[in-house]
Amino acid sequence: MRVALADRMGEIAPYLFLDLDRKKEQAKQRGMDVISLTIGDPDLPTPVEIIEAAREAVGDPSNHHYPDYAGSPAFRRSAVDWMKRRFSVELDAEKEVVALIGSKEGIAHLPFCLVNPGDVVLCPEPSYPVYATSAKLAGARIAWLPLLAENGFLPDLGSIPADVAKKAKLLWINYPNNPTAAVAPMSFLSSAVEFARRHELVLCVDAAYSEIAFDGRKIPSVLEIPGSREVAVEFHSMSKTYNMTGWRVGFMAGQPEVVGALAKLKSNIDSGVFQVVQLAAQAAMQLWPKHRDEVLGIYQSRRDVLCKGLQKAGYQLQIPQATFYVWMQVPGGDDVGFASKLIENTGVLVTPGSGFGQSGKGFVRFSLTVDENRLQEAVERIGRVGLEK
């Protein structure tokens with residue numbers, strides 16, 4: 001029997017990193033020693049204090065039942081306390097925070113709470129693919145906001161046509177940015193809040209990389225801006241901050257009606273975050289900022305090894321100020337061809353920028369989630385091969 005899939009499945013492209021995994025396996029089958037600098041999955045271990053908290057929690061039978069749908073009161077209070085210590089933001093734990101099975105889950109589900117078929121969602125590009133994919137599945141039309149180098153990889157909100165802005169229900173922004181590694185000044189966040197207020201839409205901020213910033217830089221929260229909680233929500237994740245990608249836990253905070261709507265939707269879709277994982281996340285938030293400087297020192301050192309090595313090999317790039325990514329414009333502008341030559345000739349796998357959107361064409365993204373020795377080996381291979389520049 002031929003299965004007839006729902007029309008909406010046509011809106012879903014193959015997930016970018018599945019194809020990269022395929023290329024990695026093909027290279028391994030050819031006998032190559034592959035150095036994968038693609039997916040942003042930290043290789044550093046989850047801090048032992050978090051592991052111990054989970055180990056203790058999993059032995060308690062009271063944690064084996066269904067958890068609270070929106071997150072336990074203790075988890076939400078921990079999130080509120082962390083936001084206060086980190087950003088000096090005061091939140092209501094009951095009304096302005098909802099636990100997520102990783103921020104990706106919340107990002108994917110939020111459009112179903114806010115858009116009707118035919119509404120517009122404003123999405124940056126290049127960007128994390130889930131913003132647009134989930135909006136399309138909810139029936140929205142996407143209005144793309146190019147992130148260009150000449151604008152510091154910030155969207156030009158003033159260029160959005162009035163008729164598009166009128167139909168828009170939400171605006172996605174993500175800083176520190178994946179994939180470009182750009183950071184946004186508070187002035188831009190303020191302008192985004194004002195844009196959301198003026199056009200009566202929801203500003204959705206993906207802040208997964210808020211704690212991965214270099215050279216003493218402190219990343220602000222949009223919720224620090226007066227009046228932002230009337231229009232904005234912000235997503236935070238344990239994945240990057242505490243090396244907990246596989247634990248799948250995070251939270252959304254901000255506009256109470258939006259928080260309540262997502263909590264309501266989730267109660268009909270999932271059964272919440274496993275209580276053991278919530279307790280581990282609470283330990284992580286209470287632990288902060290212990291281990292932060294050590295982790296940042298590792299990533300900053302890796303950044304310097306990769307960037308200096310690429311520059312020595314003749315490539316031009318900007319040194320990133322945040323995230324654990326390096327975004328590099330490739331000679332000739334063919335990012336897919338560049339990445340293909342790289343894996344075929346050197347065994348080094350990078351992410352073509354066009355996989356993140358049309359404006360990513362001509363760039364590749366390197367991830368700093370392997371140790372310095374492997375990064376050094378990667379840049380030496382690139383230098384030895386001498387790819388066409």
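Helix axes here are lines fitted to C-alpha atoms over the stretch in contact, and angles between them run from 0 to 180 degrees between N-to-C directions. Keep that in mind for the first stop. The model is predicted.

**Stop 1: H11 and H13**

Select residues 292-312, helix H11, and residues 372-385, helix H13. The two pack at an angle of about 10°, and their axes lie 9 Å apart. Angles under 35 degrees count as roughly parallel, so H11 is roughly parallel to H13.

Now show side chains. From H11, pick Ser301, Arg302, Val305, Leu306, Gly309 and Leu310. They meet Glu372, Leu375, Gln376, Val379 and Ile382 of H13. Colour this contact by class: 6 residues are nonpolar, 3 polar and 2 charged.

**Stop 2: the loop before H11**

Step back to the loop between H10 and H11, where Pro289 lies. Zoom in on the peptide bond from Trp288 to Pro289. This bond is cis, with omega near 10°.

**Stop 3: H3 and H10**

Select helix H10, residues 275-287, together with helix H3, residues 73-87. Their axes are 9 Å apart and the packing angle is about 20°. That angle makes H3 roughly parallel to H10. H3 passes H10 in a left-handed crossing.

On the H3 side, show Ala74, Phe75, Ser78, Ala79, Trp82 and Arg85. On the H10 side, show Gln278, Ala281, Gln282, Met285 and Gln286. By class, the contact of H3 with H10 comprises 6 nonpolar residues, 4 polar and 1 charged.

**Stop 4: the seven-stranded sheet**

Switch to cartoon view. Look for an open sheet of 7 strands, in the order E2-E8-E7-E6-E5-E3-E4. Its pairing is mixed. Which strands stand at the edges? Select 97-100 for E2 and 141-146 for E4. Each has a single partner strand, so one side of each is left without a neighbour in the sheet. Turn the sheet and follow the twist, which averages 20° from one strand to the next.

Next, select E7, residues 232-237, and E8, residues 250-254. These strands run antiparallel and are joined by 5 bridges. Pick Val233 and find its bridge partner in E8, Gly254.

**Stop 5: helices on the sheet**

Add helix H5, residues 130-137. H5 packs on the sheet and touches E3 (120-125), E4, E5 (168-174) and E6 (202-206). Its direction makes about 160° with that of E4.

Add helix H7, residues 186-199. H7 also packs on the sheet, touching E3, E5 and E6. The direction of H7 makes about 170° with that of E5.

**Stop 6: H4 against H5**

Keep H5 on screen and select helix H4, residues 103-114. H4 and H5 pack at about 35°, with 8 Å between their axes. H4 passes H5 in a right-handed crossing.

What does H4 bring to this contact? Show Lys104, Ile107, Ala108, Pro111 and Phe112. They meet Val130, Tyr131, Ser134, Ala135 and Leu137 in H5. The contact of H4 with H5 has 8 nonpolar residues, 1 polar and 1 charged.

**Stop 7: an aromatic pair**

The structure holds 15 aromatic pairs. For one of them, select Trp172 and Phe235. The ring centres are 5.7 Å apart and the planes stand at 35°, so the pair is tilted. Trace the backbone between them: Trp172 is in strand E5, Phe235 is in strand E7, and 63 residues separate the two.

**Stop 8: two loops**

Go to the loop between E5 and H7 and find Pro179. A cis peptide bond joins Asn178 to Pro179, with omega about 20°.

Then move to the loop between E4 and helix H6 (162-167), where Phe153 is found. Check its backbone: phi of Phe153 is near 60°, a positive value in a residue other than glycine.

**Stop 9: the three-stranded sheet**

Finish at the open sheet of 3 strands, ordered E9-E12-E11 with antiparallel pairing. Its edge strands are E9 (325-329) and E11 (351-352), and each pairs on one side only. Select E12, residues 363-367, with E9. The two pair in the antiparallel sense over 5 bridges. Where in E12 is the bridge partner of Trp327? Pick Arg365 to see it.

Conventions
Residues numbered from 1 in each chain as written. Predicted model: local features only at pLDDT ≥ 70, side-chain atom pairs only at ≥ 80, totals over all residues. Heavy atoms only, no water. Pairing = 2+ DSSP bridges. Helix = DSSP H or I, 4+ residues; strand = E, 2+ residues; numbered from the N terminus. Contact = heavy atoms within 4.5 Å. Parallel < 35°, antiparallel > 145°, perpendicular 65-115°, else oblique. Left-handed = near helix turned anticlockwise from the far one by under 90°. Nonpolar A, V, L, I, M, F, W, Y, C, P; charged D, E, K, R; others polar. Phe/Tyr/Trp six-rings, centres within 6.5 Å; stacked < 30°, edge-to-face > 60°.
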